[in-house]
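Q: I'd like a close look at a single part of this model: the main nonpolar core and what sits around it. Start out at the surface and work your way in, please.

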Amino acid sequence: MKNNGHDYWGVERWRLILIVMAGLLLGWMTGFWQTCIILSLTSYIIWLLYKLNQLHNWLEKGGKAQDIPDNDGIWERITYHIQSTKKKSNVRKQRMSNLLKRFQGIITSLPYATVVLNANNEIDWANKASMELLGIQLRIDRGQRLENLLRIPKIQKLLAMNEQKEIEVSMLYDKQTKLAIQLIPIQKNLKLLIARDISERVSLQEMRKNFIANASHELRTPLTVIAGYLEIMQADEGLPENLKAAVLAASGQSARMQSIIEDLLTLSRLENSELDANKIDTINMAKLIQTITNNETSIDKYPHIIKLDLDENLSIKGIESELASVCTNLIHNAIRYTPENTEIIISWNKNKEGNAVFSVEDKGSGIAEEHLSRLTERFYRVDKGRSQDTGGTGLGLAIVQHIVNRHKGRLEIKSEIGKGSIFSVVF
Ligand code: ADP
């Protein structure tokens with residue numbers, strides 16, 4: 001074999017030839033041919049073993065460059081190969097370790113608590129923020145199951161489910177501390193748990209919710225008094241003619257304000273309370289929808305062609321008053337926002353996936369695409385003037401969305417300009 005102009009095997013061949021020739025010469029001189037050949041070959045084997053031993057000892061001592069045994073021939077080449085492979089692997093190791101250090105540095109300095117878990121939810125690694133937010137001390141807690149350290153049922157459930165999800169929890173040591181905890185399964189034996197402190201955001205939200213609830217509550221009583229007086233004035237036959245229109249308008253506006261306040265209070269109540277398991281019943285939705293439709297059509301000033309398609313045997317579990325509010329809002333909107341004599345199809349059926357679906361389809365003027373995603377925002381109206389004319393508060397769909405979320409359903413809105421809209425609640 002020739003490498004860099006060197007014939008390493010050639011050197012070895014020559015070495016063997018010389019030894020055999022030395023044996024032959026000795027045999028010719030002494031006449032003991034066989035013994036001399038065996039002797040010369042044995043000494044070659046011993047020399048090979050010595051070289052192997054040298055190589056072995058060098059490798060045992062760590063194969064350092066300064067300790068390379070003095071070699072020639074193929075032995076020089078072998079040591080050279082071992083050396084260069086080692087060098088390459090050292091460079092690779094260094095690169096990997098640098099990369100690891102950089103990643104560790106990044107994760108360590110993240111403001112989010114990051115915990116690396118194995119398949120049994122045992123802690124493999126955790127960053128500095130995990131100590132502050134979750135109380136995990138890597139030195140002591142490495143190898144411990146996270147469920148045993150964080151005895152919070154919601155976290156234990158999240159870990160047991162083992163799927164990518166985010167939850168919000170209050171910490172046991174301090175109820176004011178609210179954390180958003182996200183589990184990210186990466187591989188079979190590797191998952192990340194990330195925790196963020198959201199106390200400030202939650203407390204601001206609480207403040208906003210409380211403010212709206214308190215303000216609405218405080219406005220309720222004075223408004224009832226004003227509405228009462230306006231009613232008395234309206235009924236008073238001695239009311240001067242020139243004031244009648246003004247009193248009527250004021251009465252209409254106070255009624256609208258009362259509706260807004262009632263809707264705001266409903267929204268606050270929905271936001272501030274969890275679904276009460278004691279109030280959950282099996283609801284005969286077909287009957288409920290039928291009753292609501294009858295009520296709504298009886299007060300419909302501009303009649304519509306109402307078609308009902310209800311599965312009498314399909315019932316769901318939920319809170320009747322809340323589901324009634326969903327149906328009322330959607331049917332009421334379909335009637336309010338579509339011209340008279342157009343068709344409205346109200347249905348309650350199972351879809352292809354087997355989910356119960358309540359839907360209200362109208363043949364009105366439809367809603368432009370850009371509004372669809374914002375319809376459930378508070379006070380969002382497509383046509384402000386029209387909504388106010390029809391007595392809308394702008395809160396109906398926000399209430400619907402809240403109730404649907406509480407019932408673990410989803411609200412789907414499809415609409416096409418000129419053709420109409422379909423509002424569906426999938427349970
Ligand atoms: P509002 O009390 O104003 O009706 P909602 O939250 O119920 O408030 O509805 C928000 C807006 O969505 C309405 O102002 C209206 O512009 C639009 N909208 C709702 N339902 C329909 C519908 N069936 N057809 C057309 N527009 C609708």
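A: Let's begin at N341, which counts as exposed with a relative accessibility of 53% (exposed is over 50% relative accessible area, buried is under 20%, and partly exposed is in between, with a 1.4 Å probe and protein chains only). Before going further: this is a predicted model, where local features need pLDDT of at least 70 and side-chain atom pairs count only at pLDDT 80 or more, while totals for chains, interfaces and linings use all residues. Residues are numbered from 1 along each chain as its sequence is written, and side-chain values use heavy atoms, with hydrogens and water left out.

Back to N341. You'll find it in the loop between α11 and β11 (helices are DSSP runs of H or I with at least four residues, strands are runs of E with at least two, and both are numbered from the N terminus). N341 isn't a glycine, yet its phi is positive, near 65 degrees.

The two elements on either side of that loop take us inside. α11 (320-336) and β11 (343-350) each supply at least two residues of the largest nonpolar core, and so do α9, α10 (285-298), β12 (356-362), α14, β13 (410-416) and β14 (420-426). By nonpolar core I mean a set of buried Ala, Val, Leu, Ile, Met, Phe, Trp, Tyr and Cys residues joined through side-chain atoms within 4.5 Å. This one has 44 residues, and M285, L330, W348 and F358 have the most contacts inside it. The biggest contributor is α11, with 8 residues.

Where does this core lie relative to the domains? Domain 3 (201-271) and domain 4 (277-426) both give residues to it, so it lies between them. The bounds come from an automatic or database domain assignment, which also gives domain 1 (2-96) and domain 2 (110-197). Domain 2 has its C-alpha centre 41 Å from that of domain 4.

Now zoom in on L330. If you skip its neighbours within four places in sequence, L330 is in contact with F358, V360, L397, V400, F423 and V425 (contact means heavy atoms within 4.5 Å). There's a second, separate core too, with 29 residues that include I123, L134, I136 and V169.

Next stop, A356, which lies in strand β12. A356 has a relative accessible area of 8%, so it is buried. Once neighbours within four places in sequence are set aside, its contacts are L314, I316, W348, N349, K350, V425, V426 and F427. Take V426 from that list: 70 residues along the chain from A356, but with the two C-alpha atoms separated by just 6.0 Å.

Two of the L330 contacts, L397 and V400, also turn up among the buried residues of α14. That helix is mostly covered, with 8 of its 11 residues buried: G396, L397, A398, I399, V400, I403, V404 and R406. What's doing the covering includes α9, α11, β13 and β14.

Just after α14 comes K408, with a positive phi of about 60 degrees. K408 leads us to the largest pocket, which has a volume of about 1200 Å³. Of the 27 residues lining that pocket, K154, E168, E271, E274 and K408 are the closest to its centre. A pocket here is an open set of points, on a 1 Å grid over the protein atoms alone, where a 1.4 Å probe fits and protein lies on both sides within 12 Å along at least five of seven lines; lining residues have an atom within 4 Å of a point. Points are joined across faces, edges and corners, and the volume is the space filled by probe spheres set on them.

α9 (241-272) and α14 (396-406) show up here again: they give two or more residues to the lining, as do α7 (153-161), β5 (165-170) and α8 (199-235). The largest share, 6 residues, comes from β5. By type, the lining divides into 8 nonpolar, 6 polar and 13 charged residues (charged is Asp, Glu, Lys and Arg; nonpolar is Ala, Val, Leu, Ile, Met, Phe, Trp, Tyr, Cys and Pro; the others, Gly among them, are polar).

One last spot to check is F379, in the loop between α12 (369-372) and α13 (384-389). F379 is partly exposed, at 38% relative accessibility, and has a positive phi of about 60 degrees without being a glycine.
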